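Here is a short briefing on one protein chain. Look over the sequence and the fold before reading on.

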Amino acid sequence: QLVESGGGLVRPGESLTLSCAGSEAIFGRFDMGWYRQVPGQQRVLVATIRTDGRIDYADSAKGRFTISKDNTSNTAYLRMDNMTPEDTAVYYCNAGRYYQNDYYPNSDYWGQGTQVTVSS
């Protein structure tokens, strides 16, 4: 019920914007999160945006990534600037909820992932 797009191959220092399209039922009820996963490692939370618009970033994303959403089109975005090879991963969006300042992903609402590769 979530579909990511926008992945691809970029060079170090370049930018990329990922999109996550969903439904009004999801965007109106859930907080949204972007995760990334490197082969052999756990999926890691990168950024979140709550239904009230509050935003949080992992330390690796602060200052370089920007999460946003458009409630009209039911789409979430993750803009990544000044990318490095360490940003190479499959990126997933998720609809979940915050409880006491922690984001809990909903297992029913994962996208299929989009590959991002940063290489010269």
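A strand here is a DSSP run of E with at least two residues, and strands are numbered from the N terminus. By that rule, T75 sits in strand β8. The model is a predicted one. The chain holds one helix and 11 strands.

**Overall fold**

- From the N terminus, the order of elements is β-β-β-α-β-β-β-β-β-β-β-β.
- The radius of gyration is 13 Å, close to the 14 Å that the globule rule gives for 120 residues, so the chain is as compact as a globular protein of that length.
- The C-alpha trace spans about 40 × 30 × 25 Å along its principal axes.
- Among contacts with a separation of 6 or more, 56% join residues 24 or more positions apart.

**Surface and charge**

- Of the 120 residues in the chain, 40% are buried.
- The exposed area of the chain is about 6400 Å², and carbon and sulfur atoms supply 45% of it.
- The chain carries 11 positive and 13 negative charges, and the mean positions of the two sets are 1 Å apart.

**T75, in strand β8**

- T75 has 10% relative accessibility and therefore counts as buried, since the cut-off for buried is under 20%.
- A polar atom of the T75 side chain lies 3.1 Å from the backbone oxygen of S73.
- Leaving out residues up to four places away in sequence, T75 touches S19, C20, A21, F27, S68, K69 and D70.
- T75 and Y109 are 34 residues apart along the chain, and their C-alpha atoms are separated by 14 Å.

**T114, in strand β11**

- T114 belongs to strand β11, which covers residues 114-118.
- Relative accessibility is 10% for T114, so this residue counts as buried.
- The T114 side chain reaches the backbone nitrogen of G7 at 3.1 Å.
- G7 is also among the residues that T114 touches, beyond those up to four places away in sequence. The full set is E4, S5, G6, G7, L18, A89, V90 and Y91.

**Two asparagines with positive phi**

- Most residues other than glycine have a negative phi.
- N74 has a phi near 55 degrees, a positive value in a residue other than glycine.
- N74 lies in the loop between β7 (65-70) and β8 (75-80).
- Is N74 buried or exposed? N74 is buried, with a relative accessible area of 13%.
- N101 also has a positive phi, near 70 degrees, and is not a glycine.
- The loop that holds N101 runs between β9 (89-99) and β10 (102-110).
- N101 has 60% relative accessibility, so N101 counts as exposed; the cut-off for exposed is over 50%.

**K62, between β6 and β7**

- K62 is found in the loop between β6 (55-57) and β7.
- K62 is partly exposed, because its relative accessible area is 48% and the partly exposed class lies between the 20% and 50% cut-offs.
- Which side chain does the K62 side chain meet in a polar contact? The partner is D59, at 3.2 Å.
- K62 and A47 are 15 residues apart along the chain, with their C-alpha atoms separated by 8.9 Å.

Note on methods
Residues numbered from 1 in each chain as written. Predicted model: local features only at pLDDT ≥ 70, side-chain atom pairs only at ≥ 80, totals over all residues. Heavy atoms only, no water. Helix = DSSP H or I, 4+ residues; strand = E, 2+ residues; numbered from the N terminus. Rg over C-alpha atoms; globule rule 2.2 N^0.38 Å. Buried < 20%, exposed > 50% of the residue type's maximum accessible area, 1.4 Å probe, protein only. Contact = heavy atoms within 4.5 Å. Areas by Shrake-Rupley, 256 points an atom, 1.4 Å probe, with all protein chains shown as cover. Lys, Arg positive; Asp, Glu negative; His and termini not counted. Charge placed at Lys NZ, Arg CZ, Asp CG, Glu CD. Polar contact = N/O pair within 3.5 Å; in protein donor to acceptor, adjacent residues only side chain to side chain.
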